Amino acid sequence: MKNKVIRISDEFTGEGEKLLHCPRCDGSYTHQGEVNVFERGEDADDGTHVRVLDNDVKIDRNLTDNPSRRRHGLTIAFDCESCEGGFLLDIYQHKGNTFISARLSEE
Ligand SMILES: [Zn+2]
């Protein structure tokens, strides 16, 4: 699955925020869903995985879906009100840098 460029509005709101846009249709009415947090030491084979969904929390040691190959990662799932598609926003560390990217959800 190839990452897509995410668009965040060029203009700040009055509160100093920016809107996240859908990578499929550029719509800005998005809804947050499942959240997955991955934590591990550098290059460690396992670590902590916390999944938050539907008013429930699950914790395990499975880092299979960690967007970072070497360190910590965070993935937030979104649904788009405009195109009814889904996408995943990843925030992850790699070699001392932090990246933000988006992937389209499985169809
Ligand atoms: Zn959309």
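**Group meeting: strand β5, the core and the zinc site**

Hi everyone, let's start with L74: leaving aside neighbours within four places in sequence, L74 is in contact (heavy atoms within 4.5 Å) with V35, N36, V37, P67, L89, D90 and I91. A quick note: this is a predicted model, where local features need pLDDT of at least 70 and side-chain atom pairs count only at pLDDT 80 or more, while totals for chains, interfaces and linings use all residues. Residues are numbered from 1 along each chain as its sequence is written, and side-chain values use heavy atoms, with hydrogens and water left out.

Back to L74, which is found in strand β5 (strands are DSSP runs of E, at least two residues, numbered from the N terminus). The C-alpha atoms of L74 and V35 are separated by 7.5 Å, though the two are 39 residues apart along the chain.

Is L74 buried or partly exposed? Its relative accessible area is 24%, so L74 is partly exposed (buried is under 20%, exposed over 50%, partly exposed in between, with a 1.4 Å probe and protein chains only).

Now the largest nonpolar core, meaning buried Ala, Val, Leu, Ile, Met, Phe, Trp, Tyr and Cys residues joined through side-chain atoms within 4.5 Å. That core has nine residues, including I76, F87 and C22. Strand β5 gives the largest share, three residues.

Finally, the zinc ion: its protein donors (N, O and S atoms within 2.8 Å of this metal) are the SG atoms of C22, C25, C80 and C83. Their angles are 102 to 114°, so the arrangement is tetrahedral (four donors, all angles between 85 and 135 degrees). C22 counts as buried because its relative accessibility is 3%, whereas C25, at 35%, is partly exposed.

Conventions:
Donors = N, O, S within 2.8 Å, 3.2 Å for Na, K, Ca; no water. Tetrahedral: all angles 85-135°; square planar, octahedral: opposite > 155°, others 65-115°. Helix = DSSP H or I, 4+ residues; strand = E, 2+ residues; numbered from the N terminus.
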